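Subject: Structure handover

Hello,

Here is the structure I promised to pass on to you. Please have a look at it below, and then read on for my notes.

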Amino acid sequence: MADVKKYKIGFTDGVFDLFHIGHLNMINQAKLHCDYLIVGVHGDDVVFEYKNKRPVICEEERRTIVESIKGVDKAVINRTRDKLELWDLYRFNAMIIGDDWKGTERWNNFEKILAEKNVDVVYIPYTQGISTTDIKKKILEI
């Protein structure tokens, strides 16, 4: 008997710069919730817009890395962080995100907006002790 997932199409997104175990854990956890997983990779300009810095790895290479992961059915470059615009493009029924965002004003608002489209926000465990920022700091210390 086939493994039936709760959601037909799941969507998660992130920068995925200097790909690490936290990124892999997030993608693998997201795939547990859906039959088809779309992973959005924030475009270089999108990252610059909200972080005021560019990723180390260019957007197309980051997308290619993400696309090669077994659980990823489709990897796309996000030109926006607006979840409603992303829903218009991909028609997912689950938005999957790390639980470090749960309860924040930003994600409480997204939950309300996405609920109007019958999209559930699914929070998955955030991998503690690893981040791209920490990796960059370690590299600079060497």
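Let me begin with a contact that caught my eye. Arg79 and Glu59 form a salt bridge, with 2.8 Å between the closest N and O atoms. The pair links distant parts of the chain, 20 residues apart: Arg79 sits in the loop between strand E3 (74-78) and H4, while Glu59 belongs to helix H3 (residues 59-67). The two partners have opposite surroundings: Arg79 is exposed, at a relative accessible area of 55%, whereas Glu59 is buried, at 16%. Please keep in mind throughout that this is a predicted model.

More salt bridges

Searching the whole structure gives eight salt bridges. One of them joins Lys83 to Asp13, whose closest N and O atoms are 2.9 Å apart. Lys83 is in helix H4 (residues 83-90) and Asp13 is in strand E1 (residues 7-14), so this salt bridge ties together parts of the chain that are 70 residues apart in sequence. Lys83 and Asp13 are both buried.

Lys83 also has a place in another pair of positions you may want to view. The C-alpha atoms of Lys83 and Ile113 are separated by 8.5 Å, with the two positions 30 residues apart along the chain. Ile113 lies in helix H5 (residues 105-115) and is partly exposed, with a relative accessible area of 35%.

Back in H3, Glu60 forms a salt bridge with Arg63, and here the closest N and O atoms are 2.6 Å apart. Because Glu60 and Arg63 are three residues apart in helix H3, about one helical turn separates them. Glu60 is partly exposed at 38% relative accessibility, and Arg63 is buried at 15%. Glu60, Arg63 and Glu67 are joined into one network by salt bridges that share partners.

The sheet and what packs on it

How are the strands ordered in the sheet? The order is E3-E2-E1-E4-E5, in an open sheet of five strands with parallel pairing. E3 and strand E5 (120-124) are at the edges and have a single partner strand each, so one side of each lacks a neighbour in the sheet. From one strand to the next, the twist averages 30°.

At the E5 edge, strand E4 (residues 94-98) pairs with E5 in the parallel sense over five bridges. Ile96 has Val122 in E5 as its bridge partner. H3 packs on the sheet, where it touches strand E2 (34-42) and E3, and the direction of H3 makes about 155° with that of E3.

Helix H1 (residues 21-31) is worth a look as well. Its buried residues are Gly22, His23, Met26, Ile27, Ala30 and Lys31. Among the elements that cover these buried residues of H1 are E1, E2, H3, E4, E5 and helix H6 (132-141).

Around Asp44

Asp44 belongs to helix H2 (residues 44-51). Is Asp44 buried or exposed? At 17% relative accessibility, Asp44 counts as buried, since the cut-off for buried is under 20%. The side chains of Asp44 and Arg62 are joined by a polar contact of 2.6 Å. Apart from neighbours within four places in sequence, Asp44 is in contact with Arg54, Pro55, Ile57, Cys58, Glu59 and Arg62. That list includes Glu59, the residue that forms the salt bridge with Arg79.

The chain as a whole

Finally, the overall picture. The protein chain has six helices and five strands, and from the N terminus on, its elements run β-α-β-α-α-β-α-β-α-β-α. Its radius of gyration is 15 Å, which agrees with the value near 14 Å that a compact globule of 142 residues would have. Taken along the principal axes, the C-alpha atoms fill a box of roughly 50 × 35 × 25 Å.

Of the 142 residues in the protein chain, 44% are buried. Among contacts between residues at least 6 apart in sequence, 76% join residues at least 24 apart.

I hope these notes help you find your way around.

Best wishes

Technical notes. Residues are numbered from 1 along each chain as its sequence is written. This is a predicted model: local features need pLDDT of at least 70, side-chain atom pairs count only at pLDDT 80 or more; totals for chains, interfaces and linings use all residues. Side-chain values use heavy atoms; hydrogens and water are left out. A salt bridge is a side-chain nitrogen of Lys or Arg within 4 Å of a carboxyl oxygen of Asp or Glu. Helices (H or I, at least four residues) and strands (E, at least two) are DSSP runs, numbered from the N terminus. Buried means under 20% relative accessible area, exposed over 50%, partly exposed in between (1.4 Å probe, protein chains only). Two strands pair if DSSP finds at least two bridges between them. Axes are lines fitted to C-alpha atoms, for helices over the stretch in contact, and angles run from 0 to 180 degrees between N-to-C directions. Contact means heavy atoms within 4.5 Å. A polar contact is a pair of N or O atoms within 3.5 Å; within protein, one must be able to donate a hydrogen and the other to accept it, and residues adjacent in sequence count only if both atoms are side-chain atoms. The radius of gyration is taken over C-alpha atoms; the globule rule is 2.2 Å times the number of residues to the power 0.38.
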